[in-house]
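Please open the structure in your viewer and keep the sequence beside it, so that each selection can be followed as the tour moves along.

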Amino acid sequence: MSISFILRMIAGAVSGNSGSARPENINGEVERAKRRATKRINRAKVRAQDELGELDRVRITLMSGDMKKFTSLFAQMKNVDFHDCDTLTGLDHFNKERKNWREMEKLSAKAMSVVTLAGAVDAVGFGAGVLDQYAKVPDIKGLDASAADTHDVKALKDMSERLQEFQKEVKQMCIRMQAVRHEARKTEDALLDLSDYFEDGIDDIRAIMNEEGNDWTKYTPAQKILIGRTAQIARLIRALSEVRFLNDDATLRPEIQESVDAAEELLDELGA
């Protein structure tokens with residue numbers, strides 16, 4: 001029976017039909033409802049964790065591969081000043097003692113250590129662990145036998161409220177995990193699209209350095225823009241590869257959402 005059926009049983013008892021609310025019937029159906037909720041929540045959690053796992057693999061691959069190539073090349077450049085690329089957004093951070101570049105280098109090294117320790121590019125749970133804490137079946141107390149025997153209207157109404165709250169919590173939990181699944185896929189797609197441009201940008205930087213050397217001041221405006229654009233993409237990839245993807249309540253971290261929005265805007269600007 002569904003929770004709505006149980007609620008009708010209780011409503012019938014409250015209205016005077018005492019035979020409608022036998023505690024063994026109600027409590028038996030409550031246990032069945034809990035079992036169904038457990039299956040539903042676990043399915044939603046597993047699907048969300050699978051998507052987070054795929055996202056983790058993409059992030060680790062990018063940070064241990066192309067990001068390492070980029071930071072290696074970028075470290076060789078001298079006199080870099082992204083004020084020459086003031087038409088590109090987000091590069092002001094790189095002018096502050098290359099702080100963001102060094103953070104990317106550390107994150108790349110961290111990703112490399114994960115791959116080395118695991119022996120393969122496996123998911124490390126940048127967000128999946130949160131779901132184990134979040135996706136727990138809500139507790140719900142059954143109906144006391146004495147409540148039905150004495151036709152305790154208040155106890156029956158309280159049971160009805162508990163059932164409705166239980167139903168609401170299960171639904172909200174499943175909706176949240178479906179959202180996590182969608183957000184993880186959206187972030188993964190953004191990273192994969194960015195990585196295509198990133199790979200080309202790294203090739204451009206390598207070609208520029210082979211032809212012109214390592215001194216930024218000797219590059220043409222067009223070459224500086226190419227390098228700046230690649231750094232812009234690197235900054236977004238780094239932001240989307242933060243270790244924490246979710247808050248403790250399984251909501252998307254605001255920094256990740258801002259970076260996804262910025263990535264989509266940049267991709268629209270870059271075109272195909």
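Begin by selecting Arg 206, which is partly exposed, with a relative accessible area of 33%; partly exposed lies between buried, under 20% relative accessible area, and exposed, over 50%, with a 1.4 Å probe and protein chains only. Before going further, note that this is a predicted model, in which local features need pLDDT of at least 70 and side-chain atom pairs count only at pLDDT 80 or more, while totals for chains, interfaces and linings use all residues. Residues are numbered from 1 along each chain as its sequence is written, and side-chain values use heavy atoms, with hydrogens and water left out.

**Around the first selection**

Add Asp 203 to the selection, and you have the partner with which Arg 206 forms a salt bridge, the closest N and O atoms being 3.4 Å apart; a salt bridge here is a side-chain nitrogen of Lys or Arg within 4 Å of a carboxyl oxygen of Asp or Glu. Both Arg 206 and Asp 203 belong to helix H7, where three residues, about one turn of the helix, separate them. Helices are DSSP runs of H or I with at least four residues, strands are runs of E with at least two, and both are numbered from the N terminus. Asp 203 is also partly exposed, at 40% relative accessibility.

**The whole chain**

Now zoom out and colour by secondary structure: the chain has nine helices and zero strands. Of its 272 residues, 44% count as buried. The accessible surface comes to about 14,200 Å², and 47% of this area belongs to carbon and sulfur atoms; such areas come from the Shrake-Rupley method with a 1.4 Å probe, and for residues only the protein chains shown count as cover. Among the contacts in the chain with a separation of 6 or more, 79% are between residues 24 or more positions apart, where contact means heavy atoms within 4.5 Å.

**A bridge between two helices**

The structure holds 15 salt bridges, and a good one to select next is the pair Arg 185 and Glu 51, whose closest N and O atoms are 2.9 Å apart. Arg 185 lies in helix H7 and Glu 51 in helix H2, so this pair ties together parts that are 134 residues apart in sequence. Is each partner buried or exposed, or in between? Arg 185 counts as partly exposed at 41% relative accessibility, whereas Glu 51 counts as buried at 9%. Include Glu 188 as well, and you see a network of salt bridges that links Glu 51, Arg 185 and Glu 188.

**Two charged patches**

Turn on the surface and select Arg 35, Arg 36, Lys 39, Arg 40, Arg 43, Arg 47, Lys 171 and Arg 181, which form a positive surface patch. Helix H2 (23-64) and H7 are the elements that give two or more residues to this patch, and H2 supplies the largest share, six residues. Patches are made of residues with over 30% relative accessible area and no salt bridge, with like charges joined within 9 Å and nonpolar side chains (Val, Leu, Ile, Met, Phe, Trp, Tyr) within 5 Å. Within the patch, Arg 40 lies in helix H2 and is partly exposed, with a relative accessible area of 40%.

For the negative patch on the surface, select Asp 189, Asp 193, Asp 196, Glu 199, Asp 200 and Asp 204. Asp 204 lies in helix H7, which covers residues 153-212, and counts as partly exposed at 32% relative accessibility.

**Buried stops**

Hide the surface and select Met 209, also found in helix H7, which counts as buried at 8% relative accessibility. Which residues does Met 209 contact, leaving aside neighbours within four places in sequence? They are Leu 73, Gln 76, Met 77, Asn 214 and Tyr 219. The C-alpha atoms of Met 209 and Gln 76 are separated by 9.2 Å, although the two residues are 133 residues apart along the chain.

Finish at Lys 224 in helix H8, residues 221-240. Lys 224 is buried, with a relative accessible area of 13%. Not counting residues up to four places away in sequence, Lys 224 touches Asp 84, Cys 85, Trp 216 and Tyr 219.

Methods:
Lys and Arg count as positive and Asp and Glu as negative; His and the chain ends are not counted. The place of a charge is taken as NZ of Lys, CZ of Arg, CG of Asp or CD of Glu.
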